[in-house]
Amino acid sequence: MKPGYHRKNHAEAGVSTLIEYVMITTILLILFVVVLLSVNANFMQGPAETLQYNAFTDIGNGVSTRIVDVYAIAPTTGNITSSFNLPDDVAGQNYFVDIYTGATAADQGVMVYQGNIVSNISLAGISSTRNVTGNTTGNGINQISYDSGGF
């Protein structure tokens, strides 16, 4: 007989190989499920939220600039209206734009939001002299109106 070779050991070697393959397959399957569950949150949802926040900041800056421009050229008596377009959706979702006044008259801003993603942009330049209010969505043509007599 050869040393280290026995008929009983040979039969156990086949079972050991099968158990090794089953264990490795099970571990890889568990790792695959964990990766599959984390892919959506880490690789799809996170970048989409970052994209939405950056787009909301750009939209808010654009609306703020348009409001300041209209009020900068507003006549002392009379009215002026400016129309502009906003993107219909951001990352496949609708959003809202609110013009708000904070605790003081100088604390005015543009808030662009959808769900828990919010971007606040200050209305610099007219905050203490003019009161600005309103809201809109991304759909359709939007207007900024100024009337010296008030609304």
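User: Before we start, what counts as a helix here, and where does Gln-52 sit?
Analyst: A helix is a DSSP run of at least four residues, numbered from the N terminus. This is a predicted model, and in it Gln-52 falls within such a run. The place to look is helix H1.

User: How confident is the predictor in the chain on average?
Analyst: Keep in mind that where pLDDT is low, the predicted coordinates should not be read in detail. Here, 85% of the residues score at least 70. The average pLDDT for the chain is 83.

User: In which strand is confidence lowest, and in which is it highest?
Analyst: At the bottom is strand E5 (residues 134-137), with a mean of 84. At the top, with 92, is strand E4 (residues 117-122). So, lowest then highest, the names are E5 and E4.

User: What pattern do the helix and strands follow along the sequence?
Analyst: The chain has one helix and six strands. Reading along the sequence, the helix comes ahead of the strands. That gives α-β-β-β-β-β-β.

User: Is Gln-52 buried or exposed?
Analyst: Buried means under 20% relative accessible area. Gln-52 has 5%, so Gln-52 is buried.

User: Which residues does Gln-52 contact, leaving aside its neighbours within four places in sequence?
Analyst: Gln-52 belongs to helix H1, so look past its own stretch of that helix for partners that come within 4.5 Å, heavy atom to heavy atom. Those partners are Val-90, Ala-91, Gln-93, Gln-114 and Ile-117.

User: And Leu-29, is that one buried or exposed?
Analyst: Leu-29 is in helix H1 (residues 7-72) as well. The cut-off for exposed is over 50% relative accessible area. Leu-29 has 53%, so the answer is exposed.

User: How much accessible area does the nonpolar surface patch with Leu-29 have?
Analyst: Leu-29 shares the patch with Phe-32, Val-33, Leu-36 and Leu-37. Taken together, their accessible area is about 540 Å².

User: On to the strands: how many bridges pair E2 with E3?
Analyst: Strand E2 (residues 96-101) and strand E3 (residues 108-114) pair in the antiparallel sense. One of the matched pairs is Thr-101 with Gln-108 in E3. The bridge count for E2 and E3 is six.

User: Which residue in the turn of the E3 and E4 hairpin has a positive phi?
Analyst: E3 and E4 also pair antiparallel, over six bridges, and Met-111 stands opposite Asn-120 in E4. The hairpin has two residues between its strands. The one with a positive phi, about 65 degrees, is Gly-115.

User: Along strand E6, which side chains point to the buried face?
Analyst: The side chains of E6 (residues 141-147) alternate. Ile-141, Gln-143, Ser-145 and Asp-147 point to one face and are not buried. Pointing to the other face, and buried, are Asn-142, Ile-144 and Tyr-146.

User: What stands opposite Ser-82 in E6?
Analyst: E1 and E6 run antiparallel and are joined by seven bridges. Across from Ser-82, the residue in E6 is Ile-144.

User: How far apart in space are Thr-76 and Asp-147?
Analyst: Thr-76 is in the loop between H1 and strand E1 (79-85), and with a relative accessible area of 73% it is exposed. Asp-147 is 71 residues away in sequence. In space, C-alpha to C-alpha, the distance is 9.1 Å.

Notes. Residues are numbered from 1 along each chain as its sequence is written. This is a predicted model: local features need pLDDT of at least 70, side-chain atom pairs count only at pLDDT 80 or more; totals for chains, interfaces and linings use all residues. Side-chain values use heavy atoms; hydrogens and water are left out. pLDDT is the predictor's confidence in each residue, from 0 to 100. Patches are made of residues with over 30% relative accessible area and no salt bridge: like charges are joined within 9 Å, nonpolar side chains (Val, Leu, Ile, Met, Phe, Trp, Tyr) within 5 Å. Accessible areas come from the Shrake-Rupley method with a 1.4 Å probe; for residues, only the protein chains shown count as cover. A salt bridge is a side-chain nitrogen of Lys or Arg within 4 Å of a carboxyl oxygen of Asp or Glu. Buried means under 20% relative accessible area, exposed over 50%, partly exposed in between (1.4 Å probe, protein chains only). Two strands pair if DSSP finds at least two bridges between them.
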